[in-house]
Amino acid sequence: MENENIHRVQYGEKEYILIATAHVSKRSVEEVKEVIEREKPDSVCVELCENRYETIKDKDKWKNTDIFEVIKSGKSLLFLVNILLSSYQKKMAKKFGIEPGGEMIQGIKSAEDIGANLVLADRDIQTTFSRIWGNIGLWGKVKLMFQAIMSAFGDEDISEEDLQELKSEDMLTNVLNELSTSFPQLATPLLHERDKYLAHKIKEAEGDKVVAVLGAAHVPGIKKELLNESETDIDELCIKPKKKKIGKFIGWGISIGIISLIAYTLYSNRSDGLESILSWVIWNGSLSAIAGAIAFAHPLAILTAFAVAPISSLNPLLAAGWFAGIVEAYKRKPNVSDFESLPDDVSSIKGIWKNRVSRILLVVIFVNLGSTVGTLIGGAEVIKLFLQNIL
């Protein structure tokens, strides 16, 4: 007998069977196996992209992460958020004695067992993160980071029954509405866009009977999309947002402004001009170095932060944290065990500082924050000395 987690949608001659799962539920894994074996569909769609599928198939993929590329591409904070969220899912999976994403793994195995066509139906994870990160703004990034930290470090007591309750449609509707109200920038790329993408891929799946293994939050939206006769523009959903030019203009404007103010002050009053240069260097360098020390950076990385910050703050294309992070990575290069233990280590404050990978990310983030604060204070000092010479 089917329960509320199994949803059937008939569209023309095609029958779609949607299995609403919780990503860390034993019962979900059992349901996936039972439904696929009973229904023997022509195709099985799983909520995975090629990237995540390869991660499941290749357990050693973490070991091959190029930490230098992460730093140079400016994705340190995004990478850390991803790790924190993964850590939370792994913690929950461990609590219930199941492998993270077990229902998707079971979907893949069951499809192979019955000879069904396997469809990787989700949008590329990097595209999703890019669309989230590029559209939520600074406050959104802070909010997302805070939520990820709370999830990873929290010790919330959730029972298997709680997971089943979260899979009811009414509860999901409430969660989606709340998420859309409090954080609409996150809900759109993470849920609604992926509903459209997943539904499109499910519609394209071969055969007259298709089973789709989905996170429960996507099922209400996908049911609507499957009955929608209009075509979804997949290419539009896969465009990564470009960096806004206004940010570069503002950054270069501030840099040119600071240099101009220092130059004028130096021309008007050599003593005040030298003082403004010193203030800029001391505030930028010191606060960046202190932030690096708080992250327990290598002494050479701390010195790098001090030396680079006053210069990088005047160039929007550079960041002191990148240089400090690269030096940290060279001096304390992560080994295989650091990558293997990363999801577990970031679940505690001590572990996140102990693990070499997460500590490198902290060095990049903290030094950049220190440099930002140093720019604000140092810039204020430059402006004050400039005003003293024109008033």
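**View 1. Thr-265, a buried residue of helix H13.** Thr-265 counts as buried because its relative accessible area is 0%, and this residue is found in helix H13, which covers residues 245–268. The model shown here, as in every view that follows, is a predicted one. When the neighbours within four places in sequence are left aside, Thr-265 is in contact with Arg-270, Asp-272 and Gly-273, and also with Leu-385, Phe-386 and Asn-389.

**View 2. The protein chain as a whole.** The protein chain holds 19 helices and 5 strands, and buried residues make up 46% of its 391 residues. If one takes the contacts between residues at least 6 apart in sequence, 79% of them join residues at least 24 apart. The area that the protein chain exposes is about 19900 Å², and carbon and sulfur atoms supply 59% of that area.

**View 3. Val-357 in helix H19 and the residues in contact with it.** Val-357 lies in helix H19, which is made of residues 356–390, and Val-357 counts as buried because its relative accessibility is 0%. Leaving aside neighbours within four places in sequence, the residues in contact with Val-357 are Ile-67, Phe-79, Pro-334, Asp-338, Phe-339 and Leu-342. A further pair to look for in this view is Val-357 and Ser-341, which are 16 residues apart in sequence, while their C-alpha atoms are 9.8 Å apart in space.

**View 4. Lys-331 in helix H16 and its contacts.** Lys-331 is found in helix H16, a helix of residues 320–331, and Lys-331 is described as partly exposed because its relative accessible area is 46%. Apart from neighbours within four places in sequence, Lys-331 is in contact with His-298 and Leu-300. Along the chain Lys-331 and His-298 are 33 residues apart, and in space their C-alpha atoms are separated by 7.2 Å.

**View 5. The salt bridge between Lys-209 and Glu-39.** The count of salt bridges in this model comes to 15, and one of these joins the side chains of Lys-209 and Glu-39, with a nitrogen-to-oxygen distance of 3.0 Å. Lys-209 belongs to strand E5 and Glu-39 to helix H1 (residues 26–39), so this pair ties together parts that are 170 residues apart in sequence. The two partners can be compared by how much of each is accessible: Lys-209 is partly exposed, with a relative accessible area of 22%, whereas Glu-39 is buried, with a relative accessible area of 11%.

**View 6. A salt bridge within helix H5.** The side chains of Asp-113 and Lys-109 meet in a salt bridge, at 3.2 Å from N to O. Because Asp-113 and Lys-109 are 4 residues apart in helix H5 (residues 102–114), they are separated by about one helical turn. An α-helix has 3.6 residues a turn, so residues three or four places apart point the same way. Asp-113 counts as exposed, at 51% relative accessibility, while Lys-109 is partly exposed, with a relative accessible area of 43%.

**View 7. The salt bridge between Lys-196 and Glu-225, and a network of salt bridges.** In this view the side chains of Lys-196 and Glu-225 meet in a salt bridge of 3.4 Å, taken from N to O. This pair links distant parts of the chain, for Lys-196 is in helix H10 and Glu-225 is in helix H11 (residues 219–226), 29 residues apart. Lys-196 is partly exposed, with a relative accessible area of 34%, but Glu-225, at 14% relative accessibility, counts as buried. Elsewhere, salt bridges that share partners join Arg-8, Glu-15, Arg-38, Glu-39 and Lys-209 into one network.

**View 8. Helix H11 and its buried residues.** Of the 8 residues of H11, 6 are buried, so this helix is largely enclosed by the rest of the structure. The buried residues of H11 are Val-219, Pro-220, Gly-221, Ile-222, Glu-225 and Leu-226.

**View 9. A patch of negative charge on the surface.** Glu-13, Asp-42, Glu-206 and Asp-208 gather on the surface, where they form a patch of negative charge. Within this group, Glu-206 lies in the loop between helix H10 (184–204) and strand E5 (209–215). Glu-206 counts as exposed because its relative accessibility is 54%, and the cut-off for this word is a relative accessible area over 50%.

Definitions and conventions
Residues numbered from 1 in each chain as written. Predicted model: local features only at pLDDT ≥ 70, side-chain atom pairs only at ≥ 80, totals over all residues. Heavy atoms only, no water. Patch = residues over 30% accessible without salt bridge, like charges linked within 9 Å, V, L, I, M, F, W, Y side chains within 5 Å. Areas by Shrake-Rupley, 256 points an atom, 1.4 Å probe, with all protein chains shown as cover. Salt bridge = Lys/Arg side-chain N within 4 Å of Asp/Glu carboxyl O. Lys, Arg positive; Asp, Glu negative; His and termini not counted. Charge placed at Lys NZ, Arg CZ, Asp CG, Glu CD. Helix = DSSP H or I, 4+ residues; strand = E, 2+ residues; numbered from the N terminus. Buried < 20%, exposed > 50% of the residue type's maximum accessible area, 1.4 Å probe, protein only. Contact = heavy atoms within 4.5 Å.
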